[in-house]
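What follows is a walk through one protein model, from its helices to its pocket and its cysteines. Please keep the sequence and the structure in view while reading.

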Amino acid sequence: DYLGTMTTKLTLSTSKEGFFPITRAIQELITREQVGEGICLVFCPHTTAGITINEHADRDVVHDMLIGLGSIVTEDSRFRHAEGNSTAHLKASLVGSSVMVPIAQGRLVLGTWQGIWFCEFDGPRERAYLCTIIRG
C-alpha cells in the first residue's frame, strides 16, 4: 500500500574531481526512515556534477572512468563559458543528474558490484544531492 513520498537533502564535501561513494548514506536514510518497499530517486542539483551507478568494489574502475571521461571531454580554446569549467559541464551532462533504484525488504536493490556515486567534475566544493523515496 502507498505510504507517501519524502525528499531528503544530503550533503558532502568533495576534495577534487572524482567519484564519491554515497550508497551507504542513502541506505542509512532508508533504514532510519524504516522504508520497506519503494523506489529511491537520487538527484544532483548541480550543473558541474552528476550521479551514476557503477562498480564499487574495485576503485580502479573509478580511476578508469575519470581517465575515459577526460579523454572524451578535453579543454578547447573555443569554449566561451566565463568560469572556465566547460569540461565539467560537459562531463556532468554525459553522466547525468539522477538514478532511480528500487527498495525491497528495506534495502537498495543493486547488483553485487554496484554502488551509487556522486560525480564531481569541478571540485573542491560543498555539494548536495536529493533523495526522494516513494514508499510502496
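A residue is called buried when its relative accessible area is under 20%, exposed when it is over 50%, and partly exposed in between, using a 1.4 Å probe and protein chains only. Helices (H or I, at least four residues) and strands (E, at least two) are DSSP runs, numbered from the N terminus. The model is predicted, and local features need pLDDT of at least 70, side-chain atom pairs count only at pLDDT 80 or more, while totals for chains, interfaces and linings use all residues. Residues are numbered from 1 along each chain as its sequence is written, and side-chain values use heavy atoms, with hydrogens and water left out.

Start with helix 1, residues 23–32. Its buried residues are Ile26, Gln27, Leu29 and Ile30. Viewed down the helix axis, the buried residues fall within an arc of 155° (taken from the directions from the axis to the C-beta atoms), so they line one face of helix 1. Arg24 and Arg32 are exposed on the other side of helix 1. What do the buried residues of helix 1 pack against? Their partners are strand 1 (4–14), strand 3, strand 5 (98–104), strand 6 (107–108), strand 7 (114–120) and strand 8 (125–135), where a contact means heavy atoms within 4.5 Å.

The chain then enters the loop between helix 1 and strand 3 (38–43), where glutamate 33 lies. Glutamate 33 is partly exposed, with a relative accessible area of 30%. Apart from neighbours within four places in sequence, glutamate 33 is in contact with Met6 and Arg135. Glutamine 34, just after helix 1, has a positive phi of about 55°.

Helix 1 also has a part in the largest pocket, which has a volume of about 190 Å³. A pocket is found on a 1 Å grid over the protein atoms alone, as an open set of points where a 1.4 Å probe fits, with protein on both sides within 12 Å along at least five of seven lines; lining residues have an atom within 4 Å of a point. Grid points are joined across faces, edges and corners, and the volume is the space filled by probe spheres set on the points. The lining consists of Pro21, Ile22, Thr23, Arg24, His56, Gln114 and Trp117. Helix 1 and strand 7 are the elements that give two or more residues to this lining.

Strand 4 holds isoleucine 53, which is partly exposed at 24% relative accessibility. Leaving out residues up to four places away in sequence, isoleucine 53 touches Val99, Val101, Leu110, Gln114, Gly115 and Ile116. Strand 4 (49–55) and helix 2 (59–72) are what the buried residues of helix 3 pack against. Those buried residues are Ser86, Thr87, Ala88, Lys91 and Ala92. Just after helix 3, glycine 96 takes a positive phi of about 100°.

Last come the cysteines. How many disulfides does the structure hold? There are zero, a disulfide being a pair of cysteine sulfur atoms within 2.5 Å. For cysteine 44, the nearest cysteine sulfur belongs to cysteine 119 and is 8.4 Å away. For cysteine 131, the nearest cysteine sulfur is that of cysteine 40, at 4.6 Å. Cysteine 44 is buried, with a relative accessible area of 2%, and cysteine 131 is buried at 0%.
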